[in-house]
Amino acid sequence: MRGVGNWVCVVRRGLGRRVRYSPCRSPQYPTVLGPNFPDVWIPSTNTHRPQSSAIFPKGQTAAIIDGNFIAHDIKSRIADEIRRTKAVTGKCPGLAVVLVGKRRDSRTFINIKLKACEEVGIATLIAELPETCTESELLHVVSGFNEDTSVHGIIVQLPLPRHLDEEKVMTFVSPEKDVDGFHPLNMGNLAMRGREPLFVPCAPKGCLELLLRLGVEIIGKKSVVIGRSKMVGLPTSFLLQRHHATVTTVHAFTNNPEQITSKADIVVSDVGIPNMVRGNWLKPGAVVIDMGNNLVKAYGWKS
């Protein structure tokens with residue numbers, strides 16, 4: 001699955017089909033259609049959510065939140081829904097992933113996504129481009145997926161090489177296939193009260209689902225989000241506000257971050273610095289979600 005000359009190879013996993021897209025044509029920007037809200041997020045209501053006393057038994061000062069059981073439940077329900085849809089329509093959802101270059105961390109993240117898709121029955125296509133590809137070549141591949149009716153979601157793996165304009169590429173992805181939720185239409189609707197995005201960024205959405213399923217009270221609670229990245233920190237702040245939390249964002253230019261964080265009922269960390277949040281940053285009973293990925297010596301990836 002390597003770019004050959006000015007070509008990019010696209011592999012349809014599980015179907016044994018290879019497709020080539022030629023970057024020679026000038027990409028045409030897609031028309032932004034009116035949103036039909038296919039992914040308005042309504043947290044699950046039929047799943048048992050333990051009360052706080054069940055999470056933190058009496059006399060216990062701390063507990064580790066394990067999301068593995070919740071993830072398994074979500075995957076199981078998605079797989080059932082896909083099976084029912086396929087039985088009725090004969091079709092299954094398709095996800096296209098675009099990878100530029102050979103970053104090891106990007107490859108790791110893509111493999112995790114592909115494995116999850118395989119487990120639930122989502123067909124996947126992978127387009128790999130060399131790190132030296134031009135912006136036009138990348139946009140052409142994205143354009144092909146925008147027009148492909150068998151593709152229902154598109155992920156352009158970030159970060160991109162520096163010579164490529166990430167914002168331009170994210171805007172070029174059709175908002176109706178922008179499963180990362182990074183298109184300005186989706187991010188803007190997420191930030192605006194009374195509107196719903198077509199898609200919500202997956203990591204922040206998972207963070208909120210975790211809090212809700214654990215029975216963590218959010219309404220009116222002081223919440224601190226450490227970090228303001230467009231992929232995690234910023235959309236997490238938007239989601240917490242939608243659940244009526246009082247949200248403070250801590251970033252690199254914030255004075256006395258430990259004092260601000262020590263007053264929070266909920267702390268969400270989105271930083272690439274291991275062990276940044278210390279015990280004295282947290283008040284007793286605070287709920288802490290670490291959404292960062294850090295390469296820690298002798299332990300490998302820590303997330």
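These legends go with close-up views of helix packing and one sheet in a predicted model.

**View 1. Helix α7 meets helix α8.**
Here we look at α7 (residues 202-213) packing with α8 (residues 233-242), their axes 9 Å apart and the angle between them about 40 degrees. That makes α7 oblique to α8. The crossing of this pair is right-handed. On the α7 side, the contact comes from P204, K205, L208 and L211, while α8 brings in P235, T236, L239 and L240. Sort those residues by class and you get six nonpolar, one polar and one charged.

**View 2. Helix α6 also packs with α8.**
Now for α6 (residues 184-191), whose axis comes within 9 Å of that of α8, with a crossing of roughly 35 degrees. From α6, look for M187, N189, L190 and A191; they meet P235, F238, L239 and R242 of α8. The class tally for this contact is six nonpolar, one polar and one charged. P235 and L239 of α8 turn up here, and both also belong to the contact with α7.

**View 3. Helix α2 crosses α7.**
The axes of α2 (residues 68-89) and α7 come within 11 Å, and they cross at roughly 110 degrees. That puts α2 roughly perpendicular to α7, because angles from 65 to 115 degrees fall in that class. I70, D73, I74 and R77 are what α2 puts into the contact, and E209, L210 and R213 are what α7 puts in. This set of residues splits into three nonpolar and four charged, with no polar ones.

**View 4. A four-stranded open sheet.**
Reading across, the strand order is β7-β6-β8-β9, and the pairing is parallel. At the edges sit β7 (246-250) and β9 (287-290), each paired on one side only. On average, neighbouring strands are turned by 15 degrees against each other, ignoring direction. Zoom in on β6 (residues 222-226) and β8 (residues 266-269) and you'll find four bridges joining them in the parallel sense. One bridge to pick out links V224 to its partner V267 in β8.

**View 5. Two helices on the sheet.**
Back to α7, this time packed on the sheet: α7 touches β8 and β9, and its direction makes about 150 degrees with that of β9. Helix α8, for its part, lies across β6, β7 and β8 and runs at about 170 degrees to β6. So which strand do both helices reach? It's β8, touched by α7 and lain across by α8.

Technical notes
Residues are numbered from 1 along each chain as its sequence is written. This is a predicted model: local features need pLDDT of at least 70, side-chain atom pairs count only at pLDDT 80 or more; totals for chains, interfaces and linings use all residues. Side-chain values use heavy atoms; hydrogens and water are left out. Axes are lines fitted to C-alpha atoms, for helices over the stretch in contact, and angles run from 0 to 180 degrees between N-to-C directions. Angles under 35 degrees count as roughly parallel, over 145 as roughly antiparallel, 65 to 115 as roughly perpendicular and the rest as oblique. A crossing is left-handed if the near helix is turned anticlockwise from the far one by less than a right angle, and right-handed if clockwise. Contact means heavy atoms within 4.5 Å. Ala, Val, Leu, Ile, Met, Phe, Trp, Tyr, Cys and Pro count as nonpolar, Asp, Glu, Lys and Arg as charged, and the others, Gly among them, as polar. Two strands pair if DSSP finds at least two bridges between them.
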